[in-house]
Amino acid sequence: MKPILNRLRRAQGQLNGVITAVENGASCRDVVIQLAAVSSALDKAGFQIISTAMQKCLSDPEDTTDPITVEELEKLFLTLA
């Protein structure tokens with residue numbers, strides 16, 4: 001979970017940068033580049049979360065602490081795609 005949290009914190013910092021850039025009247029190019037970086041960081045975090053769930057599901061299918069079906073994982077994955 002630590003790598004996921006680090007990625008999300010990085011995205012949070014980038015989003016704060018976008019907000020500050022908009023507030024300070026930064027150029028459209030700079031804002032869009034920063035916004036794309038935030039979007040990419042969030043997508044990667046989402047895929048990492050799904051990957052972790054898939055690995056857990058495959059390695060210990062009997063674990064019912066966080067039950068999720070293959071169909072649910074697929075739907076989550078496609079939500080990010």
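A helix here is a DSSP run of H or I with at least four residues, numbered from the N terminus. I looked up Ala37 with that in mind, and Ala37 lies in helix 2, residues 28-59.

**Entry 1: the model**

I noted that this is a predicted model. I looked up the confidence and found a mean pLDDT of 86 for the protein, with 93% of its residues at 70 or more. I then checked the helices: confidence is lowest in helix 3 (residues 70-80), where the mean is 80, and highest in helix 1, at 93.

**Entry 2: helix 1**

I checked the length of helix 1. At 1.5 Å a residue, its 22 residues should span 32 Å, and the end C-alpha atoms are 31 Å apart, which agrees.

Next I asked which residues of helix 1 are buried. I found Ile4, Ala11, Val18 and Ala21. They cover an arc of only 100° around the axis, so they sit on the same side of helix 1. I wrote down the general rule beside this: an α-helix has 3.6 residues a turn, so residues three or four places apart point the same way.

I turned to the other side of helix 1, where Lys2, Arg9, Gln12 and Glu23 are exposed. Just after helix 1 I found Gly25, which takes a positive phi of about 75°.

**Entry 3: a surface patch**

I looked for nonpolar residues on the surface. Met1, Leu5, Leu8 and Leu42 form a nonpolar patch there, and together they have about 380 Å² of accessible area.

I took Met1 from this patch. Met1 is in the segment before helix 1, which covers residues 2-23. Is Met1 buried or exposed? Met1 has a relative accessible area of 68%, and exposed means over 50%, so Met1 is exposed.

I took Leu5 next, which is in helix 1. Leu5 has 41% relative accessibility, so it counts as partly exposed. I also looked up its distance to Ala45: the two are 40 residues apart along the chain, and their C-alpha atoms are separated by 8.2 Å.

**Entry 4: pairs between helix 1 and helix 2**

I went back to Ala37. Its relative accessibility is 25%, so Ala37 counts as partly exposed. I looked up Arg10 as its partner: Ala37 and Arg10 are 27 residues apart in sequence, and 9.9 Å apart in space from C-alpha to C-alpha.

Ser40 also has its place in helix 2. I found a relative accessibility of 30% for Ser40, so I put Ser40 down as partly exposed. How far apart in space are Ser40 and Ala11? From C-alpha to C-alpha I read 8.6 Å, with their positions 29 residues apart in sequence. Ala11 is one of the buried residues of helix 1.

Last I looked up Asn16, which is found in helix 1. Asn16 has a relative accessible area of 44%, so I listed Asn16 as partly exposed. Asn16 and Val38 are 22 residues apart along the chain, and 9.7 Å separates their C-alpha atoms.

How values were computed
Residues numbered from 1 in each chain as written. Predicted model: local features only at pLDDT ≥ 70, side-chain atom pairs only at ≥ 80, totals over all residues. Heavy atoms only, no water. Patch = residues over 30% accessible without salt bridge, like charges linked within 9 Å, V, L, I, M, F, W, Y side chains within 5 Å. Areas by Shrake-Rupley, 256 points an atom, 1.4 Å probe, with all protein chains shown as cover. Salt bridge = Lys/Arg side-chain N within 4 Å of Asp/Glu carboxyl O. Helix = DSSP H or I, 4+ residues; strand = E, 2+ residues; numbered from the N terminus. Buried < 20%, exposed > 50% of the residue type's maximum accessible area, 1.4 Å probe, protein only. pLDDT = per-residue confidence, 0-100. Expected span 1.5 Å × (residues − 1). Arc of directions from axis to C-beta.
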